[in-house]
Each structure stands twice: as structure tokens, then as C-alpha cells.
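This briefing concerns a single protein chain. Please consult the sequence and the three-dimensional structure shown here alongside the text.

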Amino acid sequence: MIKIAQTEADLRRCLPALVTLRPHLTEEQALRQIFLLQEEDRYVVAFVDNSDTDPSETVAPAAIGYRYMNLLFSGKTLYIDDLSTLPDQRGKGYASQLLDFVIDEARKAGCVAVTLDSGHNPQRYDAHRLYLNKRFNIVSHHFALKL
């Protein structure tokens, strides 16, 4: 079952998966950043909740973070910041379920696009296959200047 994180306890369940994708952050740093993103950027975290079938589950096996944006080039867009599955939980379809959930949420919200950026390293190739199987297209290069 996919659930939107509504409480700090829900967010804490998601942190191990999210920090797997963002290893430069501690869980506490990530939590502070998520609170800021929620306050300033309409950031939402959804996660796989298996507690119905396994009440002992205290950590979400996979989580997705996203926000709604209005952009001149694409109109109302749902942008996926983070999609991550714990390494020992990969291959179970959790990321696919989360993407389906978010795409449905985007349609309900009247979005005209769902977008994301993904790194070019070999560790991301499985994710790239998933995005392409979900009918995402590679439409641009993302450039960044660190300040």
C-alpha cells in the first residue's frame, strides 16, 4: 500500500530509503531539509507501507519525494526529487508502484507533465530502465553550476 507521509513518524520511516539515495546527508539533516521543502516548496513524501501485512515493519522499503511546480516550458508539473528503495528490498516492484502512484496523483492534480532528473552513472541504469518502461522520455540535459 502506498501512503503519503503525514507525520514526523511517517517521515522517519522513510529516511533510511531516502538517505540511501542521498548519502551525503545524515537522517537528521535529511529530515530538516524535508521540513523546509514541505514548508517552502509543497514537497510531498509517499512511501510503501507494508505494516498491514507485517506489523513489525518500522522502516519503509521505498519512498518517493515530489513537488508540484508551474513552469513556463511545461505548465503544471509534478517533479520527482527523490525515488529510492532500500538495497535489500530492490526487485520487488516498489519503485514501480510509487511511480504509478505519483503519476496518478499528477493526473488528479491537473498536471500536464511528470518530470525527474537522474544521474548518468552505471548505478542508475536499473532506474533508467524503469523510467523508460514507464514511458518517460529523455528530453534534455540538466546543467548545474556549484557555487
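The points below go from the overall fold to one helix and then to individual residues.

The coordinates are those of a predicted model. The protein contains four helices and five strands, and these succeed one another along the sequence in the pattern β-α-α-β-β-β-α-β-α.

**Overall dimensions and packing**

- The radius of gyration of the protein is 15 Å, which agrees with the value near 15 Å that a compact globule of 147 residues would have.
- Taken along the principal axes, the box filled by the C-alpha atoms is roughly 45 × 35 × 30 Å.
- Of the 147 residues, 40% are buried.
- Among contacts with a sequence separation of 6 or more, 59% link residues that are 24 or more positions apart.

**Surface and charge**

- The protein has an accessible surface of about 9,300 Å², and carbon and sulfur atoms contribute 54% of that area.
- There are 17 positive and 19 negative charges, and the mean positions of the two sets lie 6 Å apart.

**Helix α4**

- Helix α4 spans residues 125-133, and its buried residues are Ala 127, Leu 130 and Tyr 131.
- Viewed down the axis of α4, these buried residues fall within an arc of 95 degrees, so they line one face of the helix.
- This arrangement follows the general geometry of such elements: an α-helix has 3.6 residues a turn, so residues three or four places apart point the same way.
- Asp 126 and Asn 133, on the other side of α4, are exposed.
- The cover over the buried residues of α4 includes strand β4 (75-85), helix α3 (94-108) and strand β5 (113-116).

**Thr 85 in strand β4**

- Thr 85 belongs to strand β4, one of the elements that cover the buried residues of α4.
- The relative accessibility of Thr 85 is 10%, and because the cut-off for a buried residue is under 20%, Thr 85 counts as buried.
- Apart from neighbours within four places in sequence, the contacts of Thr 85 are with Thr 20, Pro 61, Ala 62, Arg 90, Tyr 94 and Ala 95.

**Ile 2 in strand β1**

- Ile 2 is found in strand β1, which comprises residues 2-4.
- Between Ile 2 and Asn 50 the C-alpha to C-alpha distance is 8.6 Å, although 48 residues separate the two in sequence.
- Beyond its neighbours within four places in sequence, Ile 2 makes contact with Ala 46, Phe 47, Val 48, Gln 97, Leu 98 and Phe 101.

**Residues with positive phi**

- Arg 42, a residue other than glycine, has a positive phi near 55 degrees.
- The loop that holds Arg 42 lies between helix α2 (27-41) and strand β2 (43-48).
- With a relative accessible area of 47%, Arg 42 is partly exposed.
- Arg 135 is likewise not a glycine, and its phi is positive at about 75 degrees.
- Arg 135 is located in the segment after α4.
- The relative accessibility of Arg 135 is 70%, and this residue therefore counts as exposed.

Note on methods: Residues are numbered from 1 along each chain as its sequence is written. This is a predicted model: local features need pLDDT of at least 70, side-chain atom pairs count only at pLDDT 80 or more; totals for chains, interfaces and linings use all residues. Side-chain values use heavy atoms; hydrogens and water are left out. Helices (H or I, at least four residues) and strands (E, at least two) are DSSP runs, numbered from the N terminus. The radius of gyration is taken over C-alpha atoms; the globule rule is 2.2 Å times the number of residues to the power 0.38. Buried means under 20% relative accessible area, exposed over 50%, partly exposed in between (1.4 Å probe, protein chains only). Contact means heavy atoms within 4.5 Å. Accessible areas come from the Shrake-Rupley method with a 1.4 Å probe; for residues, only the protein chains shown count as cover. Lys and Arg count as positive and Asp and Glu as negative; His and the chain ends are not counted. The place of a charge is taken as NZ of Lys, CZ of Arg, CG of Asp or CD of Glu. The arc is that of the directions from the helix axis to the C-beta atoms.
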